[in-house]
Amino acid sequence: MMIINLIRKPIKLFVNLSIKIFEKIFIKVLKIFSMRIVFQRENRIGHQIENFESDLYESIQLKERKIKTIFIFYETHNLVANIYARELIFKVLNNHNINYFICRNIFLSKIIKIFLNYYKDDFYLKKSKATEKKLTYPLFDGLLNNLIVKDLGLKEKKYVCIYNRESQYLAEKYPVIDFSYHNHRDANINNLKELSNYIRSNYGFSVVRVGSNTLKKISWEQKDHPLIFDYSKSDLRSDENDINLISQCNLYINNGGGPFSIANAAKTEVITINQIPIFEPPQSKIWLPKLIRYLDTKKYLTINEMVKLNIHTRLN
């Protein structure tokens with residue numbers, strides 16, 4: 001063990017030095033050719049779509065300055081959050097005449113990930129990142145189909161999607177990684193029961209619960225139209241149907257979590273309730289923070305108390 005610890009530090013220093021040298025040389029070459037590379041993150045749906053939309057927006061703007069962008073999709077097929085979204089993204093890039101490279105080699109994918117862990121971001125050699133800059137039109141405009149809408153017997157734009165974040169998804173997709181530090185962001189889907197019934201009764205809209213790897217099926221489904229349907233626990237759930245169903249709803253109600261990016265990219269109206277973190281820019285017109293209370297007194301914490309206890313952030 002002592003020998004391993006002795007050689008670990010020089011190996012780490014060597015890797016850092018090698019990456020810095022490669023980085024400087026590569027960036028100089030990219031500058032000469034007015035070219036930039038974006039390493040596109042795809043392992044979780046929020047990053048896959050939201051990051052891409054921001055990077056696409058920037059790439060379109062840079063084309064006017066004669067700066068070309070090449071997107072690198074380095075995740076191997078089994079780790080891509082949504083394969084259908086990836087296929088649509090390729091079509092979007094083709095429509096904008098933007099080049100991309102797909103990494104299909106597991107070893108090369110691992111090398112790129114090691115590089116990204118040590119590398120500091122640069123304009124010409126960039127890690128994908130979500131920003132407030134977004135397209136003014138739907139990201140997948142003209143590329144979607146309404147087959148799932150028809151299969152469910154829904155009327156176009158006459159249904160609402162509801163979603164609650166749960167820890168089950170990350171636990172099953174990445175069993176060797178501890179994502180429990182995100183668990184304080186979870187919510188109970190039953191909190192949306194009364195609201196769903198209200199929407200169905202007063203507006204005549206169907207309500208569809210979306211998501212994947214959800215814990216339990218809702219017990220308050222309504223089979224008569226307008227529906228209340230738990231799509232997340234149905235045989236119809238798929239990557240393709242996730243994108244098409246959420247993108248074409250009239251309203252998306254959630255408490256945060258990756259699928260929000262699908263609705264946001266589609267320019268769908270969004271309501272976010274019971275969400276944490278509380279100091280990030282609101283991503284919807286109606287936004288309410290999560291209520292947290294003490295276990296012993298049942299008293300709800302004020303925002304100041306949340307901050308003092310450091311439970312107001314995303315990573316806790």
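So, N310: you'll find it in the segment that comes after α10, which covers 303-308. Bear in mind that this is a predicted model. Is N310 buried or exposed? Neither one, quite: its relative accessibility is 42%, so it counts as partly exposed, since that class runs between the 20% limit for buried and the 50% limit for exposed. And how far is N310 from Q168? In sequence they are 142 residues apart, and in space it's 24 Å, going C-alpha to C-alpha.

Okay, on to the rings. There are 13 aromatic pairs in the structure. Take F71 and F73: the ring centres are 6.4 Å apart and the planes sit at 25°, so we call this pair stacked, because the cut-off for stacking is under 30 degrees. What about solvent? F71 has a relative accessible area of 0%, so it's buried. F73 is at 0% as well, and that makes it buried too.

Now stay with F73, as it also pairs with F90. This time the geometry is edge-to-face, with 5.0 Å from centre to centre and 85° between the planes. Where do the two partners sit in the chain? F73 belongs to strand β2, residues 68-73, while F90 belongs to helix α3, residues 83-95. They're 17 residues apart, and the pair links distant parts of the chain. F90 is buried, just like F73.

Elsewhere, have a look at F22, F26, F39, F115 and Y119, which ring pairs join into a cluster. And there's a charge over a ring to point out: R36 has its charged end over the ring of F123, 5.1 Å from the ring centre.

Last bit, back to α3, because I want to show you what it packs on. For two packed helices, we describe the angle between the axes and the distance between them. The partner here is helix α8, residues 239-247; its axis and that of α3 come within 6 Å and cross at roughly 65°. That's why we describe α3 and α8 as roughly perpendicular to each other. Which residues make the contact? From α3 you have I83, Y84, A85 and L88, and from α8 it's D239, E240, I243 and N244. If you sort the residues of that contact by type, you get five nonpolar, one polar and two charged.

So if you're turning the model on your own screen, α3 is a good place to pause: F90 in this helix pairs with F73, and I83, Y84, A85 and L88 of α3 are in the contact with α8.

Note on methods. Residues numbered from 1 in each chain as written. Predicted model: local features only at pLDDT ≥ 70, side-chain atom pairs only at ≥ 80, totals over all residues. Heavy atoms only, no water. Phe/Tyr/Trp six-rings, centres within 6.5 Å; stacked < 30°, edge-to-face > 60°. Buried < 20%, exposed > 50% of the residue type's maximum accessible area, 1.4 Å probe, protein only. Helix = DSSP H or I, 4+ residues; strand = E, 2+ residues; numbered from the N terminus. Lys NZ or Arg CZ within 6 Å of the ring centre and 35° of its normal. Axes fitted to C-alpha atoms, helices over the stretch in contact; angles between N-to-C directions. Parallel < 35°, antiparallel > 145°, perpendicular 65-115°, else oblique. Contact = heavy atoms within 4.5 Å. Nonpolar A, V, L, I, M, F, W, Y, C, P; charged D, E, K, R; others polar.
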